[in-house]
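Student: Could you take me through one part of this model slowly? I would like a close look at chain A, along with the places where its story runs into its partner chain.

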Amino acid sequence: MFVLKRLGSALPTLFAVSLLVFLFVDLIPGDPAQILAGPTASNEEIESIRKFLGLNEPLLTRYGQFLRGIWDPSAATSFRTHRPVVVELSERLPNTLIVSIGGLALGLVVGTIAGIVCAMRPGGLADAAITVLTLAGISMPIYWLGLLCIWLFAVNLGWLPAAGASTPAHFVLPILVIATRPAAMFSRLVATSLLETMGKDYLDTARAKGLSETRVVLFHALRNSLIAAVSVAGVQFGGMLGGSVVTETVFGIPGVGRLLVDAVSRADYPVIQYAILMFAFFFVVINLVTDLLTQWLDPRTRDQERAI
Amino acid sequence: MRNLRRSCYVAALSVGVSIMALQVQAQPAGTLRIAVGADPATFDPAFNDLPVGNAVDLAVMEGLFRLDPQNNVQKNLATDYAFSPDGKVFTVKIRTGRKFSNGDPLNAEAVAASFNRMLDEKTGSIYRGLYASLGTIKAVGEDTVEFHLAEPNGHILMLLSNTAASIVNVKALQAMGAEYGRKPVGSGPYMVEKFIGGEGFRLVPNPSYSGDYPATLKAIDFTVVPEDGSRMALLETGSVDVVERVPPESMPAINALKDAKVINPPSMFSINMEMVLRGPLADPRVRKALNLAIDREGITKGILGGLGTPSVGMVGPGTQDELRKTFPPIAFDPEGAKKLLAEAGYKPGQLTLSFTCPTGRYIKDSQVCQALAGSFEDIGIKATPIVVDRGTWTKVVGMEPAQRTDNMGIVGRATAGMDYTLYRLFFTGVGANRTGYTNPRVDALLKEGRAATDPAKQKEIYGEIQNIVWSDQPFLFLWYQTQALGVANRVQGLAIQPNETLVFDKVTLK
């Protein structure tokens, strides 16, 4: 029931996004036909290309065409390649997902471990070191960190390829770099919420049962801390899809983010519109999944749902 | 005796070397790896607008004619050509027995179909306007193609040797649809083996090629890396042999490498501030003053890091050098400029000018704009640089002169020859004349030059046009871009055309 209700509320959101994306992209300065035709084209030539691209149709007709393109791939083709946008997107999506999911998973694991270490000995040497690294991880722009990593691991040490996406080794650096932000976020989050729960009475009960401290932390304290972490992970994942624009450009990975950048600079309207719509769709799905996970982890929210 | 022995060695060595050379020619060897900055979305010559796409089209397809690395026209598929006496029909004889890489015959009919497809309005080609003067194309028998020109055009060779005029296999194109843009079927020495969108693509020899430029490499691997720093890192780590577009700040680092160097071939790309000829800029003294106010040497050395040379003529090097005219460099003379402004009736601070610049379109474009504003301030002009994104800039510089609210805009031009460039920019009222330039003498000469087929006559006509334009100064002439590529020492024989197209004809690897 809850799922259905959430899905029902997602549809208007997506509709609003489709309208906004369509209108905003239409407001981008510059005429796609003029950009395609080049600076030496005459007005008549630009007009002929505009007609060919269907840009002279009324706004409503073009919006209808845009909506039709969601289920009819042949109605939505790239201005530059003339291939269906869905083909362009599906070709690039796996790379984006590998980097985002890989980065998030790695960040989650590293961050949780670091958070536990900090919480076990607050104020210790490890805590101090991790806090400094965390601050660095949160404040360093991914773009700059990426270039630094290329300089160190590819140019100086020669361990990993600098850019490209032809072998699995090409994905190591981008995943490492993109994992820094979630790792930093999670270590802070897990550390604070663990410290908060550590003093709770139910943990004393667990200890009194004779459980080892590791068991107490991992199975009793951590589970409660994860509730907050899951919602943050959802937001982080969404942010990573958006951040792919930067990472993919730095590391030369052919993902959706790069496709979007290229499309914006060449005024390839259909690609921009559908790529953003797809990102919005992912955001909605991620929010839904986060909510479901939270419910599963925290029975209290389920009761509230029933009460309503 | 010793000399004799030495000459024996030399003889033996040279025989050996020439045998090796023969083998190299006979058998493609080695893989050339190239990192490019721009992602070629399509290789379809009717839509490609990137130098890397030109390089692929040149390797994968053939045109009737082609350009050598100095942009001189050479025959390719064509064996002979002639104009009809009235100049309205251009006839080309082509080689017989040639085939596309998929086995389809490349005959006169296929050539005509390729051109007619590009000129068809339904194709939506971005080059239809450029080639509109070709009119209709007919095949006569197996080996003769007739161009029934829409208007007499003495510059047709230049048009036909551009990679946009490469012969596509229309039959294969109809079957493949948009996929043709990724794996075009042509008749050139190479063919596209694979294409991974945004990541890269690979060219391999076309086994059925029988022309004059056989493949010398077993494969050419292209990787697309838009970020400058990452792309340079690929050359530094030895992962690629050639990198495109070395930024000025990376040149010393590349030159310091043991096994790679930066090469700086000239570019035909000519960058100018194009004026809107009305208000204060309708006065030739003001235009002259602006031209004198600029330290071109300083800009090209200090801001562009050497990747530019001060302009000495309207069109850049490589734009039909046989017709091109150059002049002594424009002096840097702020005092003279001030005097001219005073003559024109402007006291210091009285004249206000604004100019539009793109950001990220040309090397260091927005920095150059600030420098130009400074130079104008120095001669007492209130200058406002308007630095805008690429889309807005395209819109502004593409406006009719009457609609413009600014006074000038930076535009780079590299186009398909003298006639096309000058006619489009300076003929009165033509759609792409964005300065509003009008000069009856230039109009008459441009018309005459377009119809003229005799090279000597053309030289005379275009010489005069270039004289007039250079002295009228409808532009603030700035610089010609210089290319910068990082090339590993193992790469031999790589040539680069002035339009930034890589030519693989004679490339071998050590």
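Tutor: Happy to; what follows goes from the overall build of chain A to its contact with chain B, then to the core and a few local details.

Please keep in mind throughout that this is a predicted model. For chain A the mean pLDDT is 83, with 97% of the residues at 70 or more. Confidence varies by element: helix α5 (residues 85-120) of chain A has the highest mean pLDDT among the elements of that chain, 88, while helix α13 (residues 299-307) of chain A has the lowest, 61. Where pLDDT is low, the predicted coordinates should not be read in detail, and that is a useful caution for α13(A), with its mean of 61.

Now the build. Chain A contains 13 helices and zero strands. Its C-alpha trace spans about 85 × 60 × 30 Å along the principal axes. Of its 308 residues, 39% count as buried. If you take the contacts in chain A between residues at least 6 apart in sequence, 71% of them join residues at least 24 apart.

Next, the contact between the chains. Chain A puts 47 residues into it and chain B puts in 43. On the side of chain A that touches chain B, the elements giving two or more residues are α2 (32-37), α3 (43-53), α5, α7 (142-156), α10 (213-251) and α11 (256-265) of chain A. Among these, α3(A) supplies the largest share, six residues. Sorted by class, this side of chain A holds 22 nonpolar, 15 polar and ten charged residues.

From there we can turn to the interior. The largest nonpolar core has 215 residues, and those with the most contacts inside it are A:A275, B:V60, B:L234, B:V243, B:A289 and B:L476. Helix α8 (residues 172-198) of chain A gives the most to this core, 14 residues. As background, nonpolar side chains tend to be buried together in soluble globular proteins. To look at A:A275 itself, leave out residues up to four places away in sequence: A:A275 then touches A:L89, A:V256, A:L259, A:L260 and A:A263.

A little further along the fold sits A:A267, in the loop between α11 and α12 (269-297) of chain A. Although A:A267 is not a glycine, its phi is positive, about 55 degrees. Is A:A267 buried or exposed? It counts as buried because A:A267 has 23 C-beta neighbours inside 10 Å, and the cut-off for buried is 20 or more.

Chain B offers a neat comparison in B:N71, found in the loop between β2 (65-67) and β3 (73-75) of chain B. B:N71 is not a glycine either, and its phi is positive at about 70 degrees. With 19 other C-beta atoms within 10 Å, B:N71 is partly exposed.

Finally, a look at the strands of the partner. In strand β19 (residues 485-488) of chain B, B:L485 and B:V487 point one way, B:G486 and B:A488 point the other way, and all are buried. Strand β11 (residues 242-243) of chain B runs antiparallel to β19(B) and is joined to it by two bridges. Strand β12 (residues 260-263) of chain B pairs with β19(B) in the antiparallel sense too, over four bridges. B:V487 is a handy landmark here: B:V242 stands opposite it, and so does B:K261.

Notes. Residues are numbered from 1 along each chain as its sequence is written. Chains are lettered from A and ligands numbered from 1 in the order in which they are written. This is a predicted model: local features need pLDDT of at least 70, side-chain atom pairs count only at pLDDT 80 or more; totals for chains, interfaces and linings use all residues. A nonpolar core is a set of buried Ala, Val, Leu, Ile, Met, Phe, Trp, Tyr and Cys residues joined through C-beta atoms within 7 Å. A residue is buried if 20 or more other C-beta atoms lie within 10 Å of its own, exposed if 12 or fewer, and partly exposed in between; C-beta atoms are placed from the backbone. Two residues are in contact if their C-beta atoms, placed from the backbone, lie within 7 Å. Two strands pair if DSSP finds at least two bridges between them. pLDDT is the predictor's confidence in each residue, from 0 to 100. Ala, Val, Leu, Ile, Met, Phe, Trp, Tyr, Cys and Pro count as nonpolar, Asp, Glu, Lys and Arg as charged, and the others, Gly among them, as polar.
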